[in-house]
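Biologist: Thanks for sitting down with me over this one. Could we go through the structure together, one question at a time?

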Amino acid sequence: MKILVCITHVPDTTSKIQFSDNNTKFDKSGVQFIIGPYDDYALARAVELKEQLGASLTVLNVGEVETEPTLRKALAIGADDAIRVNTFPKDSLFVAQQIAAIAKQNNYDLILMGRESIDFNGGMVHGMVGEMLGMPSVSPVMKLEIEGNTVKMAREIEGGKEYLEAKLPLVAGCQEPIAEWKIPNMRGIMSARTKPLQVVDPLEESNASEVISYQLPPAKGAVKLVDKDNVEELVRLLKNEAKVL
Amino acid sequence: MSVLVYIEHADGSVKKTSLEAVSYAKALSEKTSEGEIVAVALGSISSDELAKAGSAGASKVIHVNDDKLSSGIIQAHAEAVAQVYKQLGAKTLILSKSSLGDAVAARLAIKLDAALISNVVDLPDTGSGYKIKRSIYTGKAFAETVVNKEHKILAVKKNAVDLKSDGADAVIETVVLELSADNFATSITSTDKTTGDILLPEADIVVSGGRGMKGPENWGLIEGLAKELGAATGCSKPVSDIGWRPHHEHVGQTGVKVAPSLYVAVGISGAIQHLAGVNSSKCIVVINKDAEAPFFKAADYGIVGDAFEVLPKLTEAVKALK
């Protein structure tokens, strides 16, 4: 059994989002980068499956050299080896093509990733990879069990969940509570230093879209406080001023 | 020419967010002259219900009335929509962001060799090239994006355009498609879903509670206000983590992202991860006994006070409004 987990290298969820160069570049100053939170759930579940089934676990990122500490962290959490496709991730289609190319060479049984990245929130790479490889794709998956060749999953839908079954191989976009995030221990961190991290050249693929400028939402005005003994005033404001009732 | 809209239905009704996608397509076509708006619906649903897509702007609904498509099998839905799109000779597919819509759209992008742009918040600018604005960083920023492909799939965020209701009933055309067995490689064995309640991602008003509610036994106060407002109920991440409320009610960075007209947060301090899930709301009301709670900085209106005192009074005041 071979498992691939694709991870993103994204700003910490508490980061202040700012842009530079006349709003054409993300401003990385003071920003800490992490494994995408949804990818981290996928990785945690993959480590559990690896232990349970004796699987091999490869972690993959499409990105430039700056993402290597993030890949090393994934190795410390429990992946056996890492692959970095050495290129700037232009858009979702471009990234999906790189992942599909690696997957074709290595015949993974299970490809996991987060339901979406928290920078561009596209939530489409897993489905694209599934279609390119002719495999089922399921997202957002909140529970995933493997019994023989069968994958049993729960997928979050509006107002609840649905339970699905499929056969391996399969691509899944994951979210909580599929597993608890794992914090690397000292032994993991030490061993991660010597685990293989392979750097491969990208395919020359084209992207479908390109960001030309960024914008921040307009600043919020000051909050209008209403006295707690005068809630009727709040209702009046919501009806007549905000016009939302 | 025509623009195709993938519409979803649940519990026998077309989803409101799908009707918004129809209205988006209508506004798009008025701008880009892409012709009539055709909606596609899959699985069992009444023709009368489908005809309602007309009031939102569709002139025709193609109904693939195949019971195998009544549940949302991702691959099968993608294949069915791809076939309809190709038969129609469309260049643009519109859909509303949802659990199923996102998953289906990703496969369609490959099948149709189309650019998929998600979280679209406005109509495209087609003055020179094709530029479109989308929400990124979980609502904390926007990106102006140039699209390089002839075929486009736009996954529209809630409230990107106003829902129209001035159109006439749409013509329903029932079609039969050949869908091979490999499209049904995943099977849905059961669903576990609340029915009758207003669904959180689609709600126009949301009332959420946090740890300040002190325990699940006090949720009646949240539900009472929500009922008077016709609102869905949500909660903060700690509340779903400790199991006071189910995960599908968790609003925030790693939970449901909502974009209602009115968001009421009770006893939620306003961690940046929670704000990421609500920052597309038109109007935010915060009720918290701690005047220093960071949520007040992101709010339009606020009450500093004890939720257990304020909520019953507020519920009564909303009732009195009617």
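Biologist: How many residues of chain A are in contact with chain B, and how many of chain B with chain A?

Modeller: Happy to help, and please keep in mind that this is a predicted model. A contact here needs C-beta atoms within 7 Å. By that cut-off, the residues in contact number 66 in chain A and 71 in chain B.

Biologist: Which element gives the largest share of the side of chain A that touches chain B?

Modeller: Several elements of chain A give two or more residues to that side, including helix H1 (37-53), helix H4 (125-133), strand S9 (137-147) and strand S11 (160-167). By class, the side of chain A that touches chain B has 34 nonpolar, 17 polar and 15 charged residues. The largest share, 8 residues, comes from S11(A).

Biologist: And what is the bridge partner of A:Leu225 in S17(B)?

Modeller: Here a strand of chain A pairs with a strand of chain B: 2 bridges join S15(A) to S17(B), residues 301-304, and the two run parallel. Within S17(B), the partner of A:Leu225 is B:Gly302.

Biologist: Staying with chain A, what percentage of its residues is buried?

Modeller: Chain A has 6 helices and 15 strands, and its C-alpha trace spans about 65 × 45 × 40 Å along the principal axes. Among its contacts between residues at least 6 apart in sequence, 70% join residues at least 24 apart. Of the 245 residues in chain A, the buried share is 49%.

Biologist: Over to chain B: is B:Ala276 buried or exposed?

Modeller: B:Ala276 lies in helix H8 (residues 272-278) of chain B. Beyond its neighbours within four places in sequence, B:Ala276 is in contact with B:Thr138, B:Gly139, B:Lys140, B:Gly252 and B:Gln253. A residue needs 20 or more other C-beta atoms within 10 Å to count as buried. Because B:Ala276 has 24 C-beta neighbours inside 10 Å, it is buried.

Biologist: One last thing, how many polar and charged residues are on the side of domain 1 of chain B that touches domain 2 of chain B?

Modeller: Chain B is divided into domain 1 (2-184) and domain 2 (200-321), with their C-alpha centres 31 Å apart. The contact takes 11 residues from domain 1 of chain B and 8 residues from domain 2 of chain B. On the domain 1 side there are no nonpolar residues, and the classes present are 6 polar and 5 charged.

Notes
Residues are numbered from 1 along each chain as its sequence is written. Chains are lettered from A and ligands numbered from 1 in the order in which they are written. This is a predicted model: local features need pLDDT of at least 70, side-chain atom pairs count only at pLDDT 80 or more; totals for chains, interfaces and linings use all residues. Helices (H or I, at least four residues) and strands (E, at least two) are DSSP runs, numbered from the N terminus. A residue is buried if 20 or more other C-beta atoms lie within 10 Å of its own, exposed if 12 or fewer, and partly exposed in between; C-beta atoms are placed from the backbone. Two residues are in contact if their C-beta atoms, placed from the backbone, lie within 7 Å. Ala, Val, Leu, Ile, Met, Phe, Trp, Tyr, Cys and Pro count as nonpolar, Asp, Glu, Lys and Arg as charged, and the others, Gly among them, as polar. Two strands pair if DSSP finds at least two bridges between them. Domain bounds come from an automatic or database domain assignment.
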